[in-house]
Amino acid sequence: MCNLLFECRVSPEASWQEAENHCKTLCGHLFSFKEEQDLKDVASHVLEGAKEKSYYWTGLRYVNSSWTFADGEDIQYAITNFTETLGLRLKPNGKCAALVLKRGTDRPNLYTRTCTVPYNFICQFYGRNDCTSSACSSSTSWQEAENHCKTLCGHLFSFKEEQDLKDVAQHVLKGVAQHVLKGAINKLYFWTGLRYVNDSWSFSDGEDTGYAISNLADLQPRPGGNQSGRSRKCVRLQQNQTPLRPTPMKWMCNTLHCFICQFHGNGCTSVNYYGFGFTHSHSDAQLQCQSQFGDGGNLASFSSQDDIDRITTVMVDKNMYCWTGFKYTKSTDSWSFTDGTDTKFALLKVRSQCCNSDMCALILGDGKLYSANCSKSRQYICQTGRHPVLTDPSSNSTG
């Protein structure tokens, strides 16, 4: 969904507020329109093939005695052209506007529906520019949180001055704290992008660490501390109910916390890789990639040395074998990638290896490939995006 103007979410359905919250986590809002062409565009480019009479939430909601779009878009066109369907002669309290497709029309119509009813919805993005959002519907480890942010073309939150921390408290975490912190729960924790790796502190987006190192106490690992995930090598923010700014502190990277994603508007490369420390068989690892990233998720494929180098940078532990999407099938005597990527480069890495049965390719932190029984439980590398697709099937053969 990176670098798209729209995201159409069909499942799971959501109430208007839940849908708007989802769009905001991606630094967008529910769909708005200011002219008829906007509706025709979303019908032809986003809702093409959608079921007739299915409702899709827009950003239009009746609140404080007037209709408004969630993103602040001008409502004049909507008011002028949908007087009847929006119930403007009444006071439609608790109502939100949804699009519905009808046979024989080139634009969807607009109707009011009770905001709490779950429907499909359409998110709209205007380009991410230093947008920051938080996620607290589920807690994750540091690496899982960073992987999630990267699927949205961002990274975990970074900060280079005091004002960055104050801004994230005021504009991002304030609402979360008010909504979540109740009763005996008086604080929340959010992962940032700051982590101790390769004997130094660094932000996952490459931001300068000068302010963090100078102003945050005890950022160095404890003398004699081990190198496992139990060491306090990642930095979280502690959000109290009424803070001037959240408090950064180092903590164990495998602890489950909420997290903050940040987007700089730099876009995505066509293929992105994500390392996972859990272990699965090759087939189960592929299912995990699809579960994590949807239909666009697969075990890692590669078509150049640069791809290999990028894969090794996301490995959770470079000393552990990780599944890739490269697999040998004995019945056809050929290697192939799960996503259909051209195998010419990859075959140079495995051609000398002899396989007497179905085998799958593992990678180590040094970039070397090894074949192994596909049923073995190993860590794995997922990817989103696609390489050029194979055009000459004969190049798959190992003969």
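1. In this predicted model, Tyr328 is buried, its relative accessible area being 3%. Its partner Trp335 is likewise buried, with a relative accessible area of 1%. The two residues form an aromatic pair whose centres are 5.6 Å apart and whose planes meet at 50°, a geometry that counts as tilted.

2. Tyr328 and Trp335 also belong to a wider group, since ring pairs link them with Phe302, Phe326, Phe337 and Phe345 into a cluster.

3. Across the structure there are 20 aromatic pairs. One of them joins Phe33 and Tyr77, where the ring centres are 6.2 Å apart and the planes stand at 90°, so this pair is classed as edge-to-face. Phe33 is found in the loop between strand S2 (29-30) and helix H2 (36-45), while Tyr77 is in helix H3 (residues 76-81), and the pair therefore ties together parts that lie 44 residues apart in sequence.

4. On the question of whether these two residues are buried or exposed, Phe33 has 0% relative accessibility and so counts as buried. Tyr77, with a relative accessible area of 13%, is buried as well, because the cut-off for that class is under 20%.

5. A further point concerns Arg236 and two aromatic rings. The charged end of Arg236 sits over the ring of Tyr189, at 3.6 Å from the ring centre, and the charged end of Arg236 also sits over the ring of Trp251, at 3.8 Å from that ring's centre.

Definitions and conventions. Residues are numbered from 1 along each chain as its sequence is written. This is a predicted model: local features need pLDDT of at least 70, side-chain atom pairs count only at pLDDT 80 or more; totals for chains, interfaces and linings use all residues. Side-chain values use heavy atoms; hydrogens and water are left out. Rings of Phe, Tyr and Trp (its six-membered ring) pair if their centres lie within 6.5 Å; planes under 30 degrees apart count as stacked, over 60 as edge-to-face and the rest as tilted. Helices (H or I, at least four residues) and strands (E, at least two) are DSSP runs, numbered from the N terminus. Buried means under 20% relative accessible area, exposed over 50%, partly exposed in between (1.4 Å probe, protein chains only). A charge sits over a ring if NZ of Lys or CZ of Arg is within 6 Å of the ring centre and within 35 degrees of the ring normal.
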